[in-house]
Amino acid sequence: GKRLVVTKEFRVPIWDYEYGFPAGLIDDGEDMKQAVTRELKEETGLELVGIRHVSTPVFSSAGLTDESCHMVLVEAKGEVSDEWLDHTEDIEVLLLDVEGIRNLLASNKKIAAKAWGLLYHYAQTGRIENEE
């Protein structure tokens, strides 16, 4: 069945693990699709099948910084691997079905602000896939 790729990544500022989605920066000379493809592969080992949606810029800490990002919903395939992780990254990949998402939300785990709303939506609707 359909599962959502969730990362469990150690974050120094909170000195703990944060649950969220694969993420990264666009390198010089890359466009967004190239960055999404690269980051997905580096952090999860998965291959990009296609981009389903790209959000307008979103802001998670506008009271502190002007940093923005795009949320990109993708379809991926392959086997999870840490082969392409940078040696400074501590990331575990979880492939969660709706029940796994509900369990994560019910736990005391630290969840990224940018991930919480989407996780909550999937938990409430009981679906991961888009309407086709």
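In the predicted model, V93 is located in strand β5, which spans residues 91-96. Its relative accessible area is 16%, and V93 is therefore classed as buried, the limit for that class being under 20%. When neighbours within four places in sequence are left aside, the contacts of V93 are with V5, V6, E43, T44 and V80. A further pairing across the sequence is that of V93 with T7, for which a separation of 86 residues along the chain corresponds to a C-alpha to C-alpha distance of 4.7 Å.

The largest nonpolar core comprises 14 residues, and those with the most contacts inside it are L4, V6, F21, I101, L104, L119 and I128. Two or more residues are given to this core by each of the elements β1 (4-11), α2 (98-106) and α3 (113-125), with α3 giving the most, namely 4 residues. The surroundings of L119 illustrate how this core is connected: residues up to four places away in sequence not being counted, L119 touches L4, V6, F21, I101, L104, L105 and I111. Another core, of 6 residues, lies apart from the largest one, and V5, V36, L48 and V93 are among its members. The buried residue V93 of the preceding paragraph thus belongs to this second core, whereas V6, with which V93 is in contact, is listed in the largest core.

The packing of the two helices was examined next. The axes of α2 and α3 come within 9 Å and cross at roughly 125 degrees, an angle that makes α2 oblique to α3, and the crossing is left-handed. On the side of α2 the contact is formed by V98, I101, R102, L104 and L105, and on the side of α3 by W116, L119, Y120, Y122 and A123. Classified by residue type, this contact of α2 with α3 contains 9 nonpolar residues, no polar residues and 1 charged residue. I101, L104 and L119 take part in the contact between the helices and also appear among the residues with the most contacts inside the largest nonpolar core.

A local backbone feature is found at W15, a residue of the loop between β1 and β2 (16-20). Although W15 is not a glycine, its phi is positive, at about 45 degrees. Most residues other than glycine have a negative phi. W15 has a relative accessibility of 63% and therefore counts as exposed, the threshold for that class being over 50%.

Terms used: Residues numbered from 1 in each chain as written. Predicted model: local features only at pLDDT ≥ 70, side-chain atom pairs only at ≥ 80, totals over all residues. Heavy atoms only, no water. Core = buried A, V, L, I, M, F, W, Y, C linked by side-chain atoms within 4.5 Å. Buried < 20%, exposed > 50% of the residue type's maximum accessible area, 1.4 Å probe, protein only. Contact = heavy atoms within 4.5 Å. Axes fitted to C-alpha atoms, helices over the stretch in contact; angles between N-to-C directions. Parallel < 35°, antiparallel > 145°, perpendicular 65-115°, else oblique. Left-handed = near helix turned anticlockwise from the far one by under 90°. Nonpolar A, V, L, I, M, F, W, Y, C, P; charged D, E, K, R; others polar.
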